[in-house]
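This report looks at one strand and its partners, then at salt bridges and two helix residues. The sequence and the model come first.

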Amino acid sequence: MFGRQETILEALPYFFLDYREIPASGTKTEWTDRLVPDGTWSGNLYDFYRMVILRLFRDLKVPFRLNLDERQDDTPVHKSLREALVNTIIHADYSLSTALLIVKGPDYFEFRNPGRMRVPMTEALEGGQSDCRNRIMQRLFSLIGLGEQAGSGIPRMLENWKSQHYRPPELFESVLPEFTTMRLRTVSLLPEPILAELREHFGESFEKLSVNERMALVTARVEGYVSNIRLRQIFSLHPHDITLLLRELVGKHLFESDGKGRGMTYRIAGIRPVDRGSSMQANEESPTHRDPGSTHKDPGSTHKDPSSTHKDPGSTHKDPGSTHKDPGSTHKDPGSTHKDPGSTHGEVASDPCGNPALTGIVQKVQSKSRANRNDVRSAILALCKEGFQTPQQLSKLLNRSQEGLRERYIKPLINEMLLERRYPSQPNHEQQAYRTRRREE
């Protein structure tokens, strides 16, 4: 809380704090402002809070209000951002290798802390129950009037955000690596440009929809996809009723579904998802910290939120079962019927060894029971450069066990940001596949 970076790292080797501002036209490697422990300041959490909160408040539109002849600049938005930042800091697990990451985008704020939630998400959203991971830190913040111990932080944040007619905050978790993310979008619940776009796309059928059905479509357009869990955060409906609503929209050919069971997601039929404020631009480069003096990389950097829909215009893979086709595409995957809403880079390649240039690289590994580690890495990267490869494909092509490839090679390559997952937000997806990262990304 009050130490210096070098001392903190002796006790917590993975400790790393990261703040980024992403411009409207920014790419995954661009930002207008960034704050990390770089030796020019203490690197502790208290100073990080003091510097970041000022950056979050910067450029906010503050209404002019008077209270006893004094100007009041503390709006519900200010209160929500302050609460979100404190919550992120006091609930983080600093022993994990994922960085604490704060992102300020053109129309969103994102707060990511290492570690998963210690109470069920539904209870956290309702409030009244608190199980803080860092109680002493929580108490220190409360002594200066920041944070409480009543479990009311998230509900109060939701209420403040709702009062501005913004979209309800998104709260979600990642299992591998472990982190929790809160995203606050400064986007209206029913933005007129989105409504106009949907009216043009669906015509009269859109006008006949109920308020909840329209809201579900707008959410999918703004956030890239929707799920039953996300709509629970927006509607005061029973989960079963939300399931029926989603099925109805699929039946009307307004939604396309992807996945199975609780992991099922829905996106708008016939419209390519558009990224409208995902922190994945920052997460692509989020640090994990092998060594305080080394370049910090984050194993969580490849985990994108399903709502993120960054596309690669150079990709030539298309899915014949999807209504979203790239007319310039030449590669088809006959076994796939749906694309992942969080990954629009293409489908799994069928047989990359049809490329003669790869034959020598693959055979060099195939023919040896104990192949050189660097040869295996090179072979994986070369194969995955041709398109997404599943562990089963790699195992067959390289004559290696799936588990061995996954633990010894695939995970390290992901941590080094050399490979990316096809389903970044679902590391254990049954159809998971991997592709070599492209330098321009």
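The model is predicted. In strand 8, Phe179, Thr181, Arg183 and Arg185 point one way, while Thr180, Met182 and Leu184 point the other way, and all are buried. In a regular strand, side chains alternate between the two faces of the sheet. Strand 8 covers residues 179-185, and because 7 of the 7 residues are buried, the strand is largely enclosed by the rest of the structure.

**Strand pairing**

Strand 8 pairs with strand 6 (residues 108-114) in the antiparallel sense, over 7 bridges. Within this pairing, arginine 185 of strand 8 has tyrosine 108 opposite. Strand 7 (residues 170-174) also runs antiparallel to strand 8, and 5 bridges join the two. Here threonine 180 in strand 8 is the bridge partner of glutamate 173. The connection from strand 7 to strand 8 is a hairpin through 4 residues.

**Salt bridges**

The count of salt bridges in the model comes to 24. Three of them are listed here with their N to O distances.

| Basic residue | Acidic residue | N to O distance |
|---|---|---|
| Arginine 58 | Glutamate 21 | 2.4 Å |
| Arginine 185 | Glutamate 170 | 2.4 Å |
| Lysine 252 | Glutamate 213 | 3.3 Å |

What does the salt bridge between arginine 58 and glutamate 21 tie together? The side chains of arginine 58 and glutamate 21 meet at 2.4 Å. Arginine 58 lies in the loop between helix 2 (45-57) and strand 3 (66-67), and glutamate 21 lies in strand 1 (residues 17-21), so the pair ties together parts that are 37 residues apart in sequence. Arginine 58 counts as partly exposed because its relative accessibility is 36%, whereas glutamate 21 is buried, with a relative accessible area of 9%. Arginine 58 and glutamate 21 also belong to a network of salt bridges that links Glu21, Asp33, Arg55 and Arg58.

In the second row of the table, arginine 185 and glutamate 170 form a salt bridge with the closest N and O atoms 2.4 Å apart. This pair links distant parts of the chain, with arginine 185 in strand 8 and glutamate 170 in strand 7, 15 residues apart. Both arginine 185 and glutamate 170 are buried.

In the third row, the side chains of lysine 252 and glutamate 213 meet at 3.3 Å. The residues of this pair are 39 residues apart: lysine 252 is in the loop between helix 11 (239-251) and strand 9 (255-258), and glutamate 213 is in helix 9 (residues 211-223). Lysine 252 has 36% relative accessibility and so counts as partly exposed. Glutamate 213, at 9% relative accessibility, counts as buried.

**Helix 3**

Histidine 78 is placed in helix 3 (residues 76-90). Is histidine 78 buried or exposed? Histidine 78 is buried, since its relative accessible area is 6% and buried means under 20%. The side chain of histidine 78 makes a polar contact of 2.7 Å with the side chain of threonine 75.

Serine 80 lies in helix 3 as well. Serine 80 is buried, with a relative accessible area of 0%. Apart from neighbours within four places in sequence, serine 80 is in contact with Met157, Asn160, Trp161 and Leu184. Of these contacts, Leu184 brings the account back to strand 8, where Leu184 points the other way from Arg183 and Arg185.

Notes
Residues numbered from 1 in each chain as written. Predicted model: local features only at pLDDT ≥ 70, side-chain atom pairs only at ≥ 80, totals over all residues. Heavy atoms only, no water. Buried < 20%, exposed > 50% of the residue type's maximum accessible area, 1.4 Å probe, protein only. Pairing = 2+ DSSP bridges. Polar contact = N/O pair within 3.5 Å; in protein donor to acceptor, adjacent residues only side chain to side chain. Salt bridge = Lys/Arg side-chain N within 4 Å of Asp/Glu carboxyl O. Contact = heavy atoms within 4.5 Å.
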